[in-house]
Amino acid sequence: MAEYKVQFEVFEGPLDLLLYLIRKEEVDIYEVNLTKLATEFIRYIDVMRLLDLEIAGEFLVMASTLMHIKSRELLPKDQQVETGEEEETEDPRWELIRQLVEYKKFKDAAAQLQAREIEQENTFPRLPIKPDFSAPETTPKPEASLFDLINAVSAILKRVGQRDDMREIFEDKWSVSEKIEVLVKLVAEKTAVKFSDLFSGATNRSEVVCTFLALLELIRMRQLICAQPEDFGEIEITRAPEPAVAVEDSKIAE
Amino acid sequence: MELKFILESILFSAQKPLSPKELRDLLNAAAEHGDAAKPFKKTKEEDLTAALEQLQKDHEAAQRSYRLACVAGSWQFASQPEFAPWLVALVGVKARPPRLSQPALETLAIISYRQPITRAEVEQVRGVAVDGVMQTLLERGLVEQVGRAEVVGRPMTYGTTPAFLEYFGLRSLEDLPAAEELRRLPVTKPEALLTIDPGLATAPPEQVTLEEAEKPAEPGPAPQA
């Protein structure tokens, strides 16, 4: 009897239990022996009671229906009471079978829905992202840090230092503000200027230093941007995208 | 150029499922831009649907790993379920509410085929109360109140929602399996052949232990002090 215990959990109601009993008999619903079914059904209810399970009211209603059917069949047909009610109430046997057939159909439909549910769970829709055809953004190049600039300028200073061996003394004819104007003009002409090009015309250390200070000043004023487009590549100087602050506005100390 | 291939190209690149109406609007918009698209400007929705169905059949016949799916009236390319293991590896498991329980599925099946239907009618078919289950289905948005029945008490009637179609990947309610048979109340012919031979009592009535059987059947008024 212990085996019943597991199965009770599964039944959704009396109709479900009846369908299970019919399936166990391996007969068609239309050909089932309802009397035998009634006996089986009531045996199950007994087991339920034995196991102290709470028996839902629906099971009891079904049990009484089955008992009613069974009681009718105990009498031979010719001895059955012919009350007028025969016409008004349908044959309870037919009514029950109709109900069972209907319930069975929906149970099958539920199984098909479940199959679709699982199928849908495993279906992946194609959701492409919208292709982006807008003008390729000027890819934000990694900005060169102050240290990158200092490294670059020291390399240039080294080169310049090697060049002027003559040890001639020049007067300081370069000012930072002058160099700022030169730089602004240079960058305005070309879109991007290489770092080394800034110093190509420099003749001595102080000119390099002036140019470099002018560059730093322009970066500080957000007029220019120094970027290193590729790793270990040369630093490039471009104009800042924002509306530039007029050079005259800021006081430039020499 | 064939209409179905135009639709195929649109759906292949579409970001969301498209209905025949939306597709028609697209054809019209394309006709504004160039002469090549002009001939398809006045395409009717029926022709669109027919072309989509043809395209769907073509893909089915080709047995590709994807198909043209129509869910709740909108069309979209989707993978076949058997390729899920690889797609899960690619994009991860789909976020979906937990699967429906057996009672919920049964209740939903009855509602989907017999809508609009009252709660009492559902209970009649299932033979058990459905209050809790109905609550779940309403909360998940798979069914909704659609009106009131013209009977005593004017009880609420229920029907399925578009979310129901989406959840099960159905094109429409017509797409439900064996819809015709289950929707109309199957007045399965009242057969003459009944369970037992007429006129005969049940073969040896293997007696039900009556005392036990009667107890559940009758309340049994026991006048005991």
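Begin in chain B of this predicted model by selecting β3, β5 and β4, three strands that form an open sheet in that order, with antiparallel pairing. Strands β3 (117-118) and β4 (143-148) of chain B stand at the edges, and because each has a single partner strand, one side of each is left without a neighbour in the sheet. To see how one edge is attached, show β3(B) together with strand β5 (residues 156-160) of chain B, since these two run antiparallel and are joined by two bridges. Within that pairing, B:Ile117 can be picked out opposite B:Tyr158 of β5(B).

Next, add helix α5 (residues 102-114) of chain B to the selection. This helix, α5(B), lies across β3, β4 and β5 of chain B, and its direction makes about 95 degrees with β5(B). Keep α5(B) on display and bring in helix α7 (residues 131-139) of chain B, against which α5(B) packs at an angle of about 75 degrees, the two axes being 9 Å apart. That angle makes α5(B) roughly perpendicular to α7(B). Showing side chains here, you can select B:Pro103, B:Ala104, B:Thr107 and B:Leu108 on α5(B), which make the contact with B:Val133, B:Met134, B:Thr136 and B:Leu137 on α7(B). Coloured by class, this contact of α5(B) with α7(B) has six nonpolar and two polar residues, and no charged ones.

For another pair of helices in chain B, go to helix α2 (residues 20-33) and helix α3 (residues 45-62), which pack at an angle of about 105 degrees with their axes 9 Å apart. With angles of 65 to 115 degrees counted as roughly perpendicular, α2(B) and α3(B) are therefore roughly perpendicular to each other. On the α2(B) side select B:Pro20, B:Lys21, B:Leu23 and B:Arg24, and on the α3(B) side B:Glu45, B:Leu48 and B:Thr49, which they meet. What classes of residue make up the contact of α2(B) with α3(B)? The residues of this contact divide into three nonpolar, one polar and three charged.

Now turn to chain A, where there are 10 helices and three strands. Followed along the sequence, chain A has the pattern α-α-α-α-α-α-α-α-β-α-α-β-β. Of its 254 residues, 25% count as buried.

Select the strands of chain A, and three of them appear as an open sheet in the order β1-β3-β2, paired in the antiparallel sense. Here β1 (192-194) and β2 (224-227) of chain A are the edge strands, each with a single partner strand, so that one side of each is left without a neighbour in the sheet. On average, and with direction ignored, neighbouring strands of this sheet are turned by 30 degrees against each other. Three bridges link β1(A) with strand β3 (residues 236-239) of chain A in an antiparallel pairing, and within β3(A) the residue A:Ile237 is the bridge partner of A:Val193. Add helix α8 (residues 176-189) of chain A, which packs on the sheet and touches β1, β2 and β3 of chain A, its direction making about 85 degrees with that of β3(A).

Finally, display both chains and look for the largest nonpolar core, which has 65 residues, of which A:Ala38, A:Phe41, A:Ala63, A:Leu66, B:Leu108, B:Ala109 and B:Ile110 touch the most other members. Helix α3 (residues 34-50) of chain A gives the most to this core, with eight residues. Apart from it lies another core, of 22 residues, including A:Ala144, A:Trp174, A:Ile180 and A:Leu224.

Definitions and conventions
Residues numbered from 1 in each chain as written. Chains lettered and ligands numbered in written order. Predicted model: local features only at pLDDT ≥ 70, side-chain atom pairs only at ≥ 80, totals over all residues. Axes fitted to C-alpha atoms, helices over the stretch in contact; angles between N-to-C directions. Helix = DSSP H or I, 4+ residues; strand = E, 2+ residues; numbered from the N terminus. Parallel < 35°, antiparallel > 145°, perpendicular 65-115°, else oblique. Contact = placed C-beta atoms within 7 Å. Nonpolar A, V, L, I, M, F, W, Y, C, P; charged D, E, K, R; others polar. Buried ≥ 20, exposed ≤ 12 C-beta atoms within 10 Å, placed from the backbone. Pairing = 2+ DSSP bridges. Core = buried A, V, L, I, M, F, W, Y, C linked by C-beta atoms within 7 Å.
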